[in-house]
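User: I am new to this structure. Please pick one part, look at it closely, and explain how it sits among its surroundings.

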Amino acid sequence: MILKHFKELQEFLSQPKNIVIIGHRNPDGDAVGSTLGLKHYFDKKGHTTQVLMPNEYPDFLHWIPGSDTVKRFDRQNTQSIKALAKSDIVFLLDFNALHRVGTDVQNTLEKYENDFALIDHHQQPDDFKYMYSDTTMSSTCQMVYNFIVMMGDNDLIDKNIATCLYTGIMTDTGSFRFRSTTSTTHRIIADLIDKGAENDRIHSNVHDANSYSRLLLLGQALSNMKVLPEYKTAFITLTEEEKKRFNFEKGDTEGVVNYALSLKGIVFAAIFIEDVEQGIIKMSLRSKGKFSVNQFARNYFNGGGHDNAAGGKSLESMEDTIATFKSLLPKYQKELEVSYEA
Ligand code: 5GP
Ligand code: MN
């Protein structure tokens, strides 16, 4: 755990400030929940706060309280740059390094003259003036909860804040099932319910928001699934053509990789998604047990993340990407064999 210059930050925030909060590119539930949760808290403390996101996020996160105040750097570029220009500090949430916001935002942030404060649970964070980094945490939302408690303000957590933080903890823990879910996570969740988070509604808003075409896309993805039992590995592919055929929308492929991991005996799962616009194959990697997909993504696919959930990309064609992926597996056969032994 790294907690850097917290007292100084607390002192800095004792006067009303102009604050910008930024989440990572392709924001997920934890990015949206943590940035908005922190925003509601800062607003209550008398600060002026603007949440910026590099690009769009899925529809099933748009109901989160405060979502209508978020500005998108790609769409509302002038307003976003103005917000940064008049800010006293920028909070970086749910990412560990500036390149995770995408080239445009990164270039802008690199010219930023005031200080950054990082709150994040990803491995190997870059160095910033103020830091609260803890890779043992289930989610950045759990850390925002801790941050508010460290500020001495647990009592200020209201229904809006509780709803935002509950959402991100829920999505980043796969609904409280991943290893990162501790008894402390559950105690925090209990406190958030006491403070007004309506757990049944939050689950439903996020998980029962499928469109018909999304389920058909899922059907296609599942029928594309390949299993490599000798490596306890399963992977899924989705081409641009398939995405188009099923009216792909942002977020439609979220969680699909978990179906591959749900196969009995599988400890390593991947999904490869063609993105013609960016000219890449985007991949999501998941594992069970000791096999680190973070390391695998860092070593071979320009990515990273956590031990059991990571992402990366390839500039090769789908075919070549799959060939590369398969060619790497023999090296890990032993590791995969024992990754998740009871
Ligand atoms: P997902 O597969 O759900 O997109 O991402 C899983 C985890 O890996 C998340 O914590 C996410 O932040 C991280 N991640 C996904 N893609 C990348 C990437 O290209 N680079 C890095 N460093 N992390 C990634
Ligand atoms: Mn997260």
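Analyst: The part chosen is helix α9, residues 212-223, in what is a predicted model. At 1.5 Å a residue, its twelve residues should span 16 Å, and the end C-alpha atoms lie 17 Å apart, so the expected and computed lengths agree.

The next matter is which residues of the helix are buried and which are exposed. Arg 214, Leu 217 and Ala 221 are buried in α9. Viewed down the helix axis, the buried residues fall within an arc of 60°, and therefore they line one face of α9. Tyr 212, Leu 215, Gly 219, Leu 222 and Ser 223, on the other side of α9, are exposed.

Something has to be said about the cover over the buried residues. It includes strand β9, residues 233-238.

A residue from further along the chain helps to fill in the picture. Val 256 belongs to the loop between α10 (240-245) and α11 (257-261). Val 256 has 20 other C-beta atoms within 10 Å; the cut-off for a buried residue is 20 or more, so Val 256 counts as buried. Leaving aside residues up to four places away in sequence, Val 256 touches Leu 218, Ala 221, Ile 236 and Ile 271. Of these, Ala 221 is one of the buried residues of α9. Val 256 can also be set against Leu 217, another buried residue of the helix: the two are 39 residues apart in sequence, while their C-alpha atoms are 9.8 Å apart in space.

Note on methods:
Residues numbered from 1 in each chain as written. Chains lettered and ligands numbered in written order. Predicted model: local features only at pLDDT ≥ 70, side-chain atom pairs only at ≥ 80, totals over all residues. Helix = DSSP H or I, 4+ residues; strand = E, 2+ residues; numbered from the N terminus. Expected span 1.5 Å × (residues − 1). Buried ≥ 20, exposed ≤ 12 C-beta atoms within 10 Å, placed from the backbone. Arc of directions from axis to C-beta. Contact = placed C-beta atoms within 7 Å.
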